[in-house]
Protein chains: 2
Amino acid sequence: MSTLTPPLSQRLDGLRSSAIRDLLKLTARPDIIGLAGGLPDEELMPRDRIALAAESALADRSRLQYTESAGWGPLREVLAARESARLGRTVPLAEVFVTHGSQQALSLLAEVLLDPGALVIVEDPAYVGALQVFRAAGARIVAVPLDTEGMRVDALADLLAAGERPAVVHTVSNFHNPRGVTLSAARRRELANLAERHGFWVIEDDPYGELWFDRPAPAPVATYSPNVIRLSSASKILAPSLRAGWMVAPDAVCRGVELLKQGADLCGSALTQQITADLLADESWLSGHVDKVRGMYGERAQALVGALRERFGDRVVSTDAAGGMFVWVDFTDGTDTAALLPRAVDHGVAFVPGSAFAVSDGYRGSMRLCFTTSEAATLREAVERLARAAAQSTQS
Amino acid sequence: MSTLTPPLSQRLDGLRSSAIRDLLKLTARPDIIGLAGGLPDEELMPRDRIALAAESALADRSRLQYTESAGWGPLREVLAARESARLGRTVPLAEVFVTHGSQQALSLLAEVLLDPGALVIVEDPAYVGALQVFRAAGARIVAVPLDTEGMRVDALADLLAAGERPAVVHTVSNFHNPRGVTLSAARRRELANLAERHGFWVIEDDPYGELWFDRPAPAPVATYSPNVIRLSSASKILAPSLRAGWMVAPDAVCRGVELLKQGADLCGSALTQQITADLLADESWLSGHVDKVRGMYGERAQALVGALRERFGDRVVSTDAAGGMFVWVDFTDGTDTAALLPRAVDHGVAFVPGSAFAVSDGYRGSMRLCFTTSEAATLREAVERLARAAAQSTQS
């Protein structure tokens with residue numbers, strides 16, 4: 001058989017590659033300043049501390065063996081302690097589940113929580129990795145917009161009042177990817193209230209919460225209701241190659257995810273999970289390390305936002321970049337960012353057009369800029385190049 | 001909301017925990033000789049070589065970053081070279097895909113290749129991890145039996161002649177789990193022929209092929225046809241916590257799996273994949289290491305099979321254990337192994353009753369014994385205990 005059977009070829013047509021991963025290819029050219037990626041800076045990853053932890057982990061041969069599907073016990077204990085402090089209640093071990101990055105939590109949760117055709121409410125613009133998972137699960141997707149205080153919970157309330165009954169509402173609560181904003185404390189409370197009143201799950205997807213620059217993010221949405229499933233990850237504060245994400249969820253949800261994880265990949269790596277546990281448990285070291293990352297990212301964000309305002313003035317509105325990894329820019333002068341992108345690449349700078357994050361249509365005048373992997377001076381140069389590309393765009 | 005929404009509770013009823021993983025709990029008691037597990041021996045895992053490779057991997061910070069969904073390039077290159085040698089043709093990089101253990105390959109392949117209700121043919125008794133995946137995918141499952149030469153390909157031919165049209169046929173071709181047998185060369189050729197004639201995929205699941213004791217396993221089924229998707233893993237020859245499995249499949253299948261892996265967990269760990277690449281590329285070291293594992297497992301297998309024959313005589317028929325990790329035992333005297341198990345545990349020995357691997361019903365007089373993690377003397381003592389438990393069983 002040299003051709004594929006029909007089901008496979010149909011399936012390939014139906015699947016869409018992650019726009020972000022495809023766009024990462026743009027950042028590979030050395031003459032281009034890449035603001036398109038969404039990677040943390042590997043120069044800031046604690047290589048020496050990881051090497052030390054690896055050596056110590058390998059002193060015990062059981063770190064080479066298969067481990068529990070729910071995650072290596074000592075990592076779950078460290079996470080339970082951290083999340084207890086964060087959530088202001090004692091989080092039992094049974095409510096902590098380790099996943100292969102928080103992407104795996106999203107994927108397994110979609111299988112556990114959603115029947116085909118179930119309604120999922122997402123934010124617009126959306127984290128495309130979540131969108132891909134919910135689409136693959138056959139969910140019906142409805143989006144609510146974001147503003148400077150995060151998800152427009154009033155728009156969600158309107159949908160509920162109109163009779164919509166979501167199974168899941170997904171939110172990136174802190175330093176939103178791509179929109180840069182953080183859900184306000186008042187809206188967190190209101191979102192949790194709506195979840196309890198209408199019986200839906202909130203998936204609070206929080207990979208960026210620790211990367212605040214001036215002041216910590218508000219208390220998690222999960223503080224306010226057991227209907228909130230909280231996801232986080234070590235990828236942005238330690239290193240993505242540890243592939244350590246985690247979920248805090250009611251026991252029954254964790255047990256459902258556990259059964260699915262057995263079929264999906266049996267278990268994670270006891271070796272990388274031990275390394276993660278070691279680093280997360282080393283509180284004084286960790287606090288110094290995360291402070292350093294915050295300081296560097298904060299400086300870069302400030303340089304980028306400053307240059308944008310200086311160079312573009314009121315032709316753009318950009319987020320303040322109070323944390324996380326991204327600045328979101330809206331052009332006010334009718335610039336089409338998808339049309340701008342090839343010119344920008346010619347001028348040596350890459351970004352992701354807003355339309356790549358749109359749930360249906362929109363954000364054609366917006367773009368996402370990632371500030372994590374460039375020095376301040378490079379970011380200022382990137383804005384120069386962007387301005388020259390935009391000027392040429394306007395002239396042509 | 002204190003209760004779960006109905007879809008979740010229904011789903012939890014519908015899912016079955018992996019029988020093997022639940023049974024692993026039996027092996028934890030220190031007074032019990034555990035032949036129930038399916039774990040490689042961690043004492044034989046190359047800890048020092050892994051530590052060296054980890055140190056070397058961490059010299060490059062990019063090992064801490066996200067990596068390609070298809071796997072870290074240099075690991076795919078090493079695998080392509082190894083599989084080229086194994087398959088007797090040049091395997092291009094595009095046909096090599098790294099997964100989180102071969103369990104993840106099974107799970108993603110089921111999504112790519114199967115529509116709900118598609119027919120999957122499995123072996124009976126079956127690898128339960130595969131059965132779980134195919135059941136979760138909503139496949140219709142039909143089983144063909146095994147004999148001492150592996151899958152009864154004549155029984156498969158009968159099904160095809162009767163009009164059955166499988167999308168996938170799954171086989172553990174070498175040192176079958178749980179049945180211990182190896183598919184003969186003649187049947188490999190015939191299976192590949194049937195796949196081409198009837199247009200189905202064969203998934204050749206081969207985690208144990210390198211663990212031969214007296215002579216290498218026959219050439220892979222994949223040697224005979226591009227309709228064969230070949231899976232293997234570093235878990236049984238190096239260490240499970242590297243979580244490195246791989247797939248050799250046509251480009252279009254790999255691309256389908258790649259799109260799904262992005263949604264499932266984005267990518268694997270560049271760190272553990274670099275360690276795996278390092279060890280697999282170090283051919284002279286690897287050959288010595290695998291020889292040592294073969295020698296130890298072979299000695300243990302021989303001790304177990306010898307003791308069984310000596311102690312039970314013609315009350316049992318057991319496999320020869322020519323490789324892999326398991327001996328399969330059929331009682332010829334009507335012993336019910338599920339009834340025997342609690343008595344065996346009382347006598348300090350655990351095994352998995354054959355019925356745990358039955359696709360529907362059957363194998364009530366069989367059991368699977370794992371010989372990897374016990375010394376020869378311990379295995380002989382385990383057979384003593386088993387014999388005492390069986391004697392008591394017969395008396396009562």
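## The contact between the chains

In this predicted model, chain B brings 61 residues and chain A brings 62 residues to the contact that the two chains make with each other. On the side of chain B that touches chain A, at least two residues each come from α1 (6-14), α3 (47-57), α5 (101-113), α6 (128-136), α9 (251-265) and α10 (270-281) of chain B. Of these contributions, the largest share is that of α9(B), which supplies nine residues. Sorted by class, the side of chain B that touches chain A holds 28 nonpolar, 20 polar and 13 charged residues.

One residue that can be followed across this contact is B:L39, which is placed in the loop between β1 (33-34) and α3 of chain B. Leaving aside residues up to four places away in sequence, B:L39 touches A:Q65 and A:Y66 as well as B:T372 and B:T373. B:L39 has 17 C-beta neighbours inside 10 Å, and it therefore counts as partly exposed. The C-alpha atom of B:L39 is separated by 8.2 Å from that of B:C370, although the two residues are 331 residues apart along the chain.

## How the two copies are related

A turn of 180 degrees, with a shift of 0.0 Å along the axis, lays chain B on chain A with an RMSD of 0.0 Å. This is the relation of a two-fold axis. The same surface serves both copies, since 100% of the contact residues of chain B recur in chain A. Among the residues of chain B, the one that comes closest to the rotation axis is B:A54, whose C-alpha atom is at 3.7 Å.

## The two domains of chain A

Chain A is divided into domain 1, made of 6-46 + 287-395, and domain 2, which covers 47-282. The C-alpha centres of domain 1 and domain 2 of chain A lie 24 Å apart, and 28 residues of domain 1 are in contact with 36 residues of domain 2. On the side of domain 1 of chain A that touches domain 2 of chain A, α2 (19-24), α11 (283-312) and β11 (326-331) of chain A each supply at least two residues. The largest share of that side, six residues, comes from α11(A), and by class the side of domain 1 of chain A that touches domain 2 has 19 nonpolar, seven polar and two charged residues.

## The sheets of chain B

In chain B, an open sheet of eight strands follows the order β2-β9-β8-β7-β6-β3-β4-β5, with mixed pairing. Its edge strands are β2 (96-100) and β5 (150-151) of chain B, each of which pairs on one side only. Strand β2(B) is joined in the antiparallel sense, over five bridges, to strand β9 (residues 244-248) of chain B, and within β9(B) the bridge partner of B:F97 is B:M247.

A further open sheet of chain B has four strands in the order β10-β11-β14-β13, and here the pairing is antiparallel. Strands β10 (316-318) and β13 (352-353) of chain B stand at the edges with a single partner strand each, so one side of each is left without a neighbour in the sheet. Three bridges connect β10(B) with the antiparallel strand β11 (residues 326-331) of chain B, where B:V316 stands opposite B:F331 of β11(B).

## A covered strand and an enclosed helix in chain A

Strand β8 (residues 228-233) of chain A is mostly covered, with six of its six residues buried. From β8(A), A:V228, A:R230 and A:S232 point one way while A:I229, A:L231 and A:S233 point the other way, and all are buried. Strand β7 (residues 201-205) of chain A runs parallel to β8(A) and is joined to it by four bridges, with A:L231 of β8(A) as the bridge partner of A:D205. The pairing of β8(A) with strand β9 (residues 244-248) of chain A is antiparallel and also spans four bridges, and here A:M247 in β9(A) is the bridge partner of A:L231.

Helix α5 (residues 101-113) of chain A has 13 residues and reaches 19 Å from its first C-alpha to its last, which is close to the 18 Å expected at 1.5 Å a residue. Because 12 of the 13 residues of α5(A) are buried, this helix is largely enclosed by the rest of the structure. The buried residues of α5(A) include A:G101, A:Q104, A:L108 and A:L113.

Note on methods:
Residues numbered from 1 in each chain as written. Chains lettered and ligands numbered in written order. Predicted model: local features only at pLDDT ≥ 70, side-chain atom pairs only at ≥ 80, totals over all residues. Contact = placed C-beta atoms within 7 Å. Nonpolar A, V, L, I, M, F, W, Y, C, P; charged D, E, K, R; others polar. Least-squares fit on C-alpha atoms with pLDDT ≥ 70 in both. Pairing = 2+ DSSP bridges. Buried ≥ 20, exposed ≤ 12 C-beta atoms within 10 Å, placed from the backbone. Domains from an automatic or database assignment. Expected span 1.5 Å × (residues − 1).
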